[in-house]
Amino acid sequence: MSQSPLCSAIRAKHLVRFYYADPESPGFRTVEPHMVAYTSTDHLALSAWYLSGASESQEGQDWRIYLLSEMTQVTELEQQFSGPRHGYRRDGGKSFHNVQCTL
């Protein structure tokens with residue numbers, strides 16, 4: 001999946017809805033996208049604040065990492081979010097490198 005729609009949503013601070021092919025809990029998710037970057041294992045991923053939808057952990061709203069290779073049907077929603085959530089690191093911190101786009 002291309003990172004362009006996600007980066008567009010990040011710049012506009014728009015929510016994103018997508019289908020995630022997680023073997024444990026496949027389904028649609030709605031998130032506040034914060035960053036597209038490479039993980040420590042060099043997978044292109046989205047760092048986002050999970051709002052709703054399918055969830056393996058069932059722990060509610062929190063930070064999640066989604067591999068772009070497992071995402072389809074990405075839709076940028078019109079609804080905006082206010083900005084970065086607590087704990088957000090623009091530089092990717094220890095979890096990410098080679099940041100492609102960020103809030």
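Start by selecting Thr39, which sits in strand S2 of this predicted model. Show whatever surrounds Thr39 and you should pick up contacts with Ala45, Ile65, Ser95, Phe96 and His97, once neighbours within four places in sequence are set aside. With a relative accessible area of 10%, Thr39 is buried. Now draw a C-alpha to C-alpha distance from Thr39 to Ala12: the two are 27 residues apart in sequence and 23 Å apart in space.

**Along S2 to Thr30**

Stay on strand S2 and pick Thr30. Is Thr30 buried or exposed? Its relative accessibility is 14%, and the cut-off for buried is under 20%, so Thr30 counts as buried. Leaving out residues within four places in sequence, the contacts of Thr30 are Leu15, Val16, Arg17, Trp49, Tyr50, Leu51, Ser52 and Leu77.

**Val36 and the core**

Next, click on Val36. Its contacts, not counting residues up to four places away in sequence, include Leu6, Cys7, Ile10, Leu44, Leu46, Leu68, Val99 and Cys101. Gln3, Ala45 and Gln100 also touch Val36 under that count.

Val36 is a good way into the largest nonpolar core, which has 24 residues. Which residues have the most contacts inside this core? Select Leu6, Phe18, Val31, Val36, Leu46, Tyr66 and Met71 to see them. If you colour by secondary structure, look for H1, strand S1 (14-20), strand S2 (27-39), strand S3 (44-53) and S6, each of which supplies at least two residues of the core.

**The disulfide**

Two of the contacts of Val36, Cys7 and Cys101, are your next selection. A disulfide joins Cys7 to Cys101, with an S to S distance of 2.0 Å. The count for the model is 1 disulfide. If you set up the torsion about the S-S bond, expect about -80 degrees, so this disulfide is left-handed. Zoom out a little and check where the two ends belong: Cys7 is in helix H1 (residues 4-12) and Cys101 is in strand S6 (residues 96-102), so the pair ties together parts that are 94 residues apart in sequence. Cys7 and Cys101 are both buried.

**Two glycines**

Hop over to Gly83, in the loop between S5 and S6. A loop glycine might tempt you to guess, so which is it, buried or exposed? Gly83 is buried, at a relative accessible area of 6%. Leaving out residues up to four places away in sequence, Gly83 touches Lys13, His34 and Leu103. For a distance label, try Gly83 to His14: they are 69 residues apart along the chain, with 9.8 Å between their C-alpha atoms.

Then go to Gly53, in strand S3. Gly53 has 46% relative accessibility and counts as partly exposed. Phe28 and Arg29 touch Gly53, again not counting residues up to four places away in sequence. From Gly53 to Phe18, 35 residues apart along the chain, the C-alpha separation is 9.6 Å.

**Two backbone oddities**

Bring up your Ramachandran view for this stop. Most residues other than glycine have a negative phi. Which way does Gln73 go, positive or negative? Gln73 has a positive phi of about 50 degrees, although it is not a glycine. You'll find Gln73 in strand S5 (residues 71-80), where Gln73 is exposed, with a relative accessible area of 53%.

Now select Asn98, in strand S6. Asn98 is not a glycine either, and its phi is positive at about 50 degrees. Its relative accessible area is 48%, and Asn98 is partly exposed.

**Last stop: the largest pocket**

Finish with a surface view and find the largest pocket, with a volume of about 190 Å³. To centre on it, select Ser47, Gly87, Arg89, Gly92 and Phe96, the closest to the pocket centre among the 13 residues that line it. Phe96 should look familiar as one of the contacts of Thr39. Which element gives the most to the lining? That is strand S4 (residues 62-67), with 3 residues. Colour the lining by residue class and you get 5 nonpolar, 5 polar and 3 charged residues.

Methods
Residues numbered from 1 in each chain as written. Predicted model: local features only at pLDDT ≥ 70, side-chain atom pairs only at ≥ 80, totals over all residues. Heavy atoms only, no water. 1 Å grid on protein atoms, 1.4 Å probe; cavity = no way out; pocket = protein on both sides within 12 Å on 5 of 7 lines; lining within 4 Å. Points joined across faces, edges and corners; volume = space filled by probe spheres on them. Helix = DSSP H or I, 4+ residues; strand = E, 2+ residues; numbered from the N terminus. Nonpolar A, V, L, I, M, F, W, Y, C, P; charged D, E, K, R; others polar. Disulfide = S-S within 2.5 Å. Buried < 20%, exposed > 50% of the residue type's maximum accessible area, 1.4 Å probe, protein only. Core = buried A, V, L, I, M, F, W, Y, C linked by side-chain atoms within 4.5 Å. Contact = heavy atoms within 4.5 Å.
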